[in-house]
Amino acid sequence: MNAQPLDLTLAAEALTAQPQAFERFAQMLIEHNRSLNLTRMDHPQDIRTRHFLDSLAALAIVDEPASIHPIDTSFSVMDVGSGAGFPALALAIARPNWRVVSLEATEKKVRFQRRVCEALGLDNVELLHGRAEVLAHDPTLRERFDAVTARAVAPLNVLAELTLAFIRPGGLGLFWKGPNVRQEYDAARKAIKMMGGSAFTLHSYALPDLPETAFYLVAAAKRAASPAALPRRHFGVIKKHPLSHLES
Ligand code: SAH
């Protein structure tokens, strides 16, 4: 699969358009990092690049479908495993007209995100404490989102099962990946298909300060509704026996 180069101009513009919000978010990350263990980064410049700019890289792919969205409903994004708020809160800051649902399994991280939302006055974010494999069966969340995002949560075959049921048919899945992306993709094809996804495209980019490292965004189109039995409700099973390793 060939990777298309991704232009980070929109991401860089979005970052400079909201200097106070991103600066405050970075300060809060640094302040709470010692007690909450939120990130390996403890320097504002690293946070800007590795968390904010990296999260906003998605704008180059999502801005266009979001802009042609009917104006009476807002473009909706579910971020699965958002941790300290990536990419969820970065996208919510950059695009106040989107509705962002941020799902995270660890309560203390959800609490941190709540403090950030309050401090920044972010009113387009809904925080959910829970597990994707359980909440994907909730009818108010299933097949409801225009896009689902996940960064640094699981290998692609596991992610496909965890996340694709949240996307409405015709919507988009976006997954942040590193250098192993092609192997992960090969192992995930079957899981993606079983979940109703198809037509993956691979986008590559470099971040300033890290010119040697290749970063990837995998974009998946959701074509058909996911089967009712999926995802399986136990993370242990999903992880130990990924769909791609099962016989069809
Ligand atoms: N996306 C963030 C955090 C990555 S760490 C970032 O890029 O910085 C992965 C996070 O996913 C952890 O906070 C973990 O609690 C959460 N997570 C893992 N499996 C999950 C699941 N099944 N449902 C919800 N959250 C999950």
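The following exchange takes up the ligand site, one aromatic pair and some backbone features of a predicted model.

Reader: What should I know about the model and its numbering?
Author: Residues are numbered from 1 along each chain as its sequence is written. In this predicted model local features need pLDDT of at least 70 and side-chain atom pairs count only at pLDDT 80 or more, while totals for chains, interfaces and linings use all residues, and side-chain values use heavy atoms, with hydrogens and water left out.

Reader: Which residues are the closest to the ligand?
Author: With nearness taken as a heavy atom within 4 Å, 15 residues surround the ligand, and the closest are Gly81, Phe86, Glu104, Glu133 and Arg151.

Reader: What makes the approach of Glu104 to the ligand a polar contact?
Author: The term asks for a pair of N or O atoms within 3.5 Å (within protein, one must be able to donate a hydrogen and the other to accept it, and residues adjacent in sequence count only if both atoms are side-chain atoms). An N or O atom in the side chain of Glu104 is 2.6 Å from an oxygen atom of the ligand, so the pair falls within that cut-off. A nitrogen atom of the ligand likewise has a backbone N or O atom of Gly81 at 2.8 Å, and a polar side-chain atom of Arg131 lies 3.0 Å from a ligand nitrogen atom.

Reader: Why is the pair of Phe22 and Phe52 called tilted?
Author: Rings of Phe, Tyr and Trp (its six-membered ring) pair if their centres lie within 6.5 Å, and planes under 30 degrees apart count as stacked, over 60 as edge-to-face and the rest as tilted. By this rule there are 7 aromatic pairs. The centres of Phe22 and Phe52 are 4.9 Å apart and their planes stand at 50 degrees, so the pair is tilted.

Reader: What sets Ala152 apart in its backbone?
Author: Most residues other than glycine have a negative phi. Ala152 is not a glycine, yet its phi is positive, at about 60 degrees.

Reader: How do you know that the peptide bond from Phe86 to Pro87 is cis?
Author: Its omega is near 0 degrees. The bond from Leu230 to Pro231 is also cis, with omega near 0 degrees, whereas most peptide bonds are trans.
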